[in-house]
Amino acid sequence: MESMTTDRPLRVDNSEDVVRVRQEVRKRATEIGLSLVDQTKIVTAASELARNMLDYGGGGIVTLEIVHNVARRGLRLAFIDEGPGIADIEHALENGVTTGGGLGLGLGGARRLSNEFEIESAPGKGTKVVITRWK
Ligand SMILES: Nc1ncnc2c1ncn2[C@@H]1O[C@H](COP(=O)(O)OP(=O)(O)OP(=O)(O)O)[C@@H](O)[C@H]1O
Ligand SMILES: [Mg+2]
């Protein structure tokens, strides 16, 4: 069974908040002893997802949890917004798909950089993305 400790949620309403998310994720990733490469992976994924929340979701909240199972520790992050949602999730995950003039690499990139990736989204229902990186 996984146990966990949860940090206070971080609000993301502007670019400075995205920087704060990056800093908090780096701090937690260091604390649980993720390698420098894995720290950078989860910080990069977090940055993309927080930026999406801001650009498309009208802002939202990020939660950080240190999760444990018998064998190892990990860092689990949730990105939750109440924006317009995503109609076709598989399509949005493809490289090069963007509705905002970006490169369309963020969402798929975040999935590739994570050990676990879950997304729940529907038009009018907002978007929730949960990622985990295990040590
Ligand atoms: N939180 C969200 N709410 C609503 N739509 C989203 C959200 N996150 C992503 N999307 C949609 O999925 C598309 C793909 O996202 P992705 O991050 O891959 O690309 P991008 O943000 O357009 O460009 P990049 O991240 O490369 O700068 C977005 O263009 C947007 O239409
Ligand atoms: Mg993006």
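These legends describe close-up views of a predicted model.

**View 1. Ligand 1 sits among 18 residues.**
The nearest of these residues are Asn52, Tyr56, Thr98, Thr99 and Leu105. By class, the shell holds seven nonpolar, nine polar and two charged residues. The space that ligand 1 takes up is the largest pocket.

**View 2. Three side chains reach oxygen atoms of ligand 1.**
Start with Tyr56. An N or O atom in the side chain of Tyr56 is 2.8 Å from an oxygen atom of ligand 1. Next comes Thr98. An N or O atom in the side chain of Thr98 is 2.5 Å from an oxygen atom of the ligand. Then look at Thr99. A polar atom of the Thr99 side chain also lies 2.5 Å from an oxygen atom of ligand 1. How much of ligand 1 does the protein bury? Alone, the ligand exposes 600 Å², and the protein buries 88% of that.

**View 3. Helices H2 and H4 help to build the shell around ligand 1.**
Helix H2 covers residues 36–56, and helix H4 covers residues 106–112. Each supplies at least two residues of the shell. Which one gives the most? H2 does, with three residues.

**View 4. Ala50 is a buried residue of helix H2.**
Ala50 belongs to helix H2. Is Ala50 buried or exposed? Its relative accessible area is 0%, so Ala50 is buried. The cut-off for buried is under 20%. Now find Arg76, which is 26 residues from Ala50 along the chain. The C-alpha atoms of Ala50 and Arg76 are 14 Å apart.

**View 5. Ser47 in helix H2 contacts Arg22.**
Ser47 is another residue found in helix H2. Its relative accessibility is 14%, so Ser47 counts as buried. The side chain of Ser47 makes a polar contact with the side chain of Arg22. The distance of this contact is 2.8 Å.

**View 6. Thr40 in helix H2 contacts Arg26.**
Thr40 lies in helix H2. Is Thr40 buried or partly exposed? Thr40 has a relative accessibility of 36%, so Thr40 counts as partly exposed. Partly exposed residues fall between the 20% and 50% cut-offs. The side chains of Thr40 and Arg26 are joined by a polar contact of 3.5 Å. Glu94 is 54 residues away from Thr40 along the chain. The C-alpha atoms of Thr40 and Glu94 are separated by 22 Å.

**View 7. Gly85 lies in a loop between strand S4 and helix H3.**
Strand S4 covers residues 73–81, and helix H3 covers residues 89–93. The loop between them holds Gly85. With a relative accessibility of 24%, Gly85 counts as partly exposed. How far apart are the C-alpha atoms of Gly85 and Ser121? They are 5.3 Å apart, although 36 residues separate Gly85 and Ser121 along the chain.

**View 8. Ile131 is a buried residue of strand S6.**
Strand S6 consists of residues 126–134, and Ile131 is found there. Ile131 has 0% relative accessibility, so Ile131 counts as buried. Look back to Gly85, which is 46 residues from Ile131 in sequence. From C-alpha to C-alpha, Ile131 and Gly85 are 18 Å apart in space.

Methods
Residues are numbered from 1 along each chain as its sequence is written. Chains are lettered from A and ligands numbered from 1 in the order in which they are written. This is a predicted model: local features need pLDDT of at least 70, side-chain atom pairs count only at pLDDT 80 or more; totals for chains, interfaces and linings use all residues. Side-chain values use heavy atoms; hydrogens and water are left out. A residue is near a molecule or strand if one of its heavy atoms lies within 4 Å of it. A polar contact is a pair of N or O atoms within 3.5 Å; within protein, one must be able to donate a hydrogen and the other to accept it, and residues adjacent in sequence count only if both atoms are side-chain atoms. Accessible areas come from the Shrake-Rupley method with a 1.4 Å probe; for residues, only the protein chains shown count as cover. On a 1 Å grid over the protein atoms alone, a cavity is a set of points where a 1.4 Å probe fits but cannot get out, and a pocket is an open set with protein on both sides within 12 Å along at least five of seven lines; lining residues have an atom within 4 Å of a point. A molecule sits in a cavity or pocket if more than half of its atoms lie within 2 Å of its grid points. Helices (H or I, at least four residues) and strands (E, at least two) are DSSP runs, numbered from the N terminus. Ala, Val, Leu, Ile, Met, Phe, Trp, Tyr, Cys and Pro count as nonpolar, Asp, Glu, Lys and Arg as charged, and the others, Gly among them, as polar. Buried means under 20% relative accessible area, exposed over 50%, partly exposed in between (1.4 Å probe, protein chains only).
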